[in-house]
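User: Could you take a close look at one part of this model for me? I would like to understand how its helices pack against one another.

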Amino acid sequence: MKRGHKKSGIKKKAVTSNKEHFNLTELSNNTRDKTVDAFVQEYINSNIAKIEDVEMHVEKMNREIMELDKTISEKVQSHILSQNEYDQKLRHIKEKMKIINSQMEQVDKKTEESEHILVKLCKDIKKLDIGKKNVTETIIVMKRIVMVITAISNLKKKALKREYSGCIPLVSVIKEMLIHISDLRTNEKLKTLYNDANILFDDVKHQIKEDIDLVYDPDVHIEKNLIIVNEASHAEGDKLSINLFDACNCLYHLDQKLVSNVVKKFSNFFLEKYIIIFENQANNLEGIDRRMAWLKRALNTYDHVYAHIFPPVYNMPYHVVCKFCSLTKKHIVKIMSSNMDQMNPVSLIQTVIKVINFENFLSKNVTFFIEKKTTSHDSYSSLEFPFPELIMQREMTPGGGNAKGEDPSPEEGEQRKDQMDNIKGEGEQRKDQMDNTKEEGDHSISTAHDDTNSHAPQNFKGVISCAFDSYLCSWLKYEEKKILQKFENIINDENKEDPLEGRGGHSECKLSSSEKDPLLDVNKILKKKENTPQMDPEMVEEKHTVYKSAYKMFYLYKSYINMILQFSDCQTLYDFVTFFKTLLLKYSDELNKRIIKEVKEENKNQHFKLLSVIINTCNYVEQTMNEAFENLVKVIDPIYKDKICFKEEEQQFLQIKTKCIKGIIVFVEKK
């Protein structure tokens with residue numbers, strides 16, 4: 001029963017929901033109908049005034065409906081036609097795309113085939129280019145070998161005839177060509193060619209050295225640079241002329257290191273008379289003028305006799321002067337060491353000044369010739385070679401080496417360094433030519449180098465005068481006595497005056513003739529005062545008052561420092577600075593004595609002024625000491641730089657200032 005009641009309840013709910021849905025649909029239809037009816041009603045009311053007009057309006061509406069149907073059908077037809085046309089065009093486009101794709105595939109295939117052909121062609125071209133280069137380099141190497149053989153043959157002929165001017169370009173050609181074919185030295189025939197060249201060069205060097213040695217033969221007559229000799233190999237009556245200038249040039253191009261031997265031998269020969277004349281007279285310094293005059297005459301003789309024989313690149317006057325300076329320095333050391341006790345300090349310094357002036361003369365008149373290029377291309381114009389174009393090429397590619405404008409590799413550089421073991425001296429510095437001569441001379445003689453042919457001035461300062469440095473102690477002691485005497489005179493004169501009048505504030509500080517220039521005798525010898533300080537007879541006006549003795553003391557210091565620097569920057573200068581430090585200590589003691597122990601009320605103004613002058617003087621001394629130290633460090637030899645110090649003296653003057661200030665403070669505190 002219960003189940004029956006449940007089922008009947010469910011059915012009732014379903015019927016009820018269906019009825020509600022139907023009622024809603026019916027309601028919406030009724031609403032729509034009502035809206036249409038309202039529109040129709042409104043249209044009829046607004047457009048149809050009479051019942052008779054209904055048919056007319058119906059016909060009108062029928063016509064409009066028919067026109068609308070016609071228009072719609074036309075549009076539909078046109079749309080169908082255009083759709084067919086578009087479909088047809090699309091089919092055509094697809095067909096054309098297929099054709100284009102097939103053509104592109106054919107082009108790709110042809111491109112691949114062309115690429116394979118081009119790669120093969122490039123490989124063939126590269127092989128041909130390598131072959132061409134090898135053939136060209138082989139031809140060039142063969143040409144160079146022919147040129148070397150030709151040059152060796154010509155060099156033998158010209159060397160026998162002593163035609164050294166023609167030998168110079170031949171030597172350059174042989175060296176240059178052998179360098180360019182150096183990579184092929186493993187070949188036995190080329191080794192033989194190298195050996196032949198080395199043997200020929202050695203023979204020519206030996207022959208030239210024998211010809212140059214004729215200069216030292218007193219029986220041989222030389223006209224400028226020509227020697228006429230009879231050769232055993234020539235027929236009687238035939239004479240052979242030797243141009244020594246060309247011979248020296250040829251030797252220079254053959255081996256620049258041999259030039260040092262020639263220079264050394266000639267320097268010894270040229271200075272033989274000097275050694276004979278002056279070596280046994282090395283017992284006093286009075287002959288120094290004669291030595292310098294002898295060298296000037298000897299250089300003049302060289303210009304007239306031997307300058308036509310030795311080329312400028314030998315720098316013979318320079319090396320003769322170096323040798324002369326070395327010998328003279330040894331003689332001076334010998335004289336000074338044996339006669340030091342008997343040496344007059346005045347004559348010693350006079351000799352030093354003379355030597356300094358002589359060194360200045362040498363620096364102005366003796367130069368060093370620097371050559372940029374050894375052989376010009378014009379020298380080859382007279383030579384008959386089968387392949388002259390190889391000579392005129394400025395940049396030649398070493399056999400099988402790098403192209404023009406490229407640098408050789410390190411391996412090639414090492415090979416070229418060792419390739420001419422016996423052909424020595426190629427491209428060496430002029431500095432290495434005369435190592436033996438410079439070892440005997442003084443290392444302070446400097447040589448300037450440049451890329452152009454020029455005559456570089458030389459600095460001979462201190463070459464001879466440095467020998468006096470360790471022996472000037474007697475002169476310095478003599479001068480120290482004079483300086484002490486002057487210092488005592490300055491202090492005594494200042495003490496005689498009123499302590500406040502003896503200051504350099506606004507008063508005139510007139511010096512005596514000896515005080516104006518303590519080196520009057522030395523300056524007379526020098527005949528110039530450009531290196532000695534000039535002092536106005538009237539002291540420069542200072543903002544603060546300072547004792548005149550401080551000005552005079554430092555003026556003495558500057559005068560002697562400038563004078564000593566003309567011939568020494570070593571021991572003598574250091575000894576003088578050490579002496580001046582003792583002078584500063586004496587001056588500090590003098591200022592200590594002038595300090596007033598207690599300031600009195602009745603003389604307070606005078607006492608304050610006196611203490612102020614002492615303080616200002618100490619400030620001036622400290623400031624000037626610092627300036628002196630800075631200047632000394634710049635000019636003194638580096639060995640003595642660390643030994644120079646004014647700290648102890650500065651401490652003394654600082655203590656003096658402290659005492660003066662304490663005296664003033666004590667007086668003020670008492671008040």
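Analyst: Happy to help; here is a walk through two contacts that share a helix, then a third pair and a pocket.

This is a predicted model, in which local features need pLDDT of at least 70, side-chain atom pairs count only at pLDDT 80 or more, and totals for chains, interfaces and linings use all residues. Residues are numbered from 1 along each chain as its sequence is written, and side-chain values use heavy atoms, with hydrogens and water left out.

Let's start with helix 5 (residues 244-254) and its partner helix 3 (residues 164-180). Helices here are DSSP runs of H or I with at least four residues, and strands are runs of E with at least two, numbered from the N terminus. The axes of helix 3 and helix 5 come within 8 Å and cross at roughly 10°; axes are lines fitted to C-alpha atoms over the stretch in contact, and angles run from 0 to 180 degrees between N-to-C directions. Helix 3 and helix 5 are therefore roughly parallel (under 35 degrees; 65 to 115 is roughly perpendicular, over 145 roughly antiparallel, and the rest oblique). Contact means heavy atoms within 4.5 Å. Among the residues of helix 3 that take part are Y164, I168 and K175, and helix 5 brings D246, A247, N249, C250, H253 and L254. This contact has 7 nonpolar, 4 polar and 2 charged residues (Ala, Val, Leu, Ile, Met, Phe, Trp, Tyr, Cys and Pro count as nonpolar, Asp, Glu, Lys and Arg as charged, and the others, Gly among them, as polar).

Helix 5 also meets helix 4 (residues 188-212): their axes come within 10 Å and cross at roughly 145°. From helix 4, F201, V204, K205, I208, D211 and I212 meet helix 5 residues including A247, C250 and L254. By class, there are 10 nonpolar, no polar and 2 charged residues in this contact.

A third pair is helix 6 (residues 256-270) with helix 9, packed at about 60° with axes 9 Å apart, which means that helix 6 is oblique to helix 9. Here V263, F266, S267, N268 and F270 of helix 6 touch M316, H319, V320 and K323 of helix 9. The classes are 5 nonpolar, 3 polar and 1 charged.

Helix 9 (316-339) also helps line the second largest pocket, as do helix 8 (288-305), helix 10 (345-365) and strand 4 (367-370). Helix 8 gives the most to this lining, with 5 residues. The lining of the second largest pocket divides into 12 nonpolar, 5 polar and 2 charged residues.
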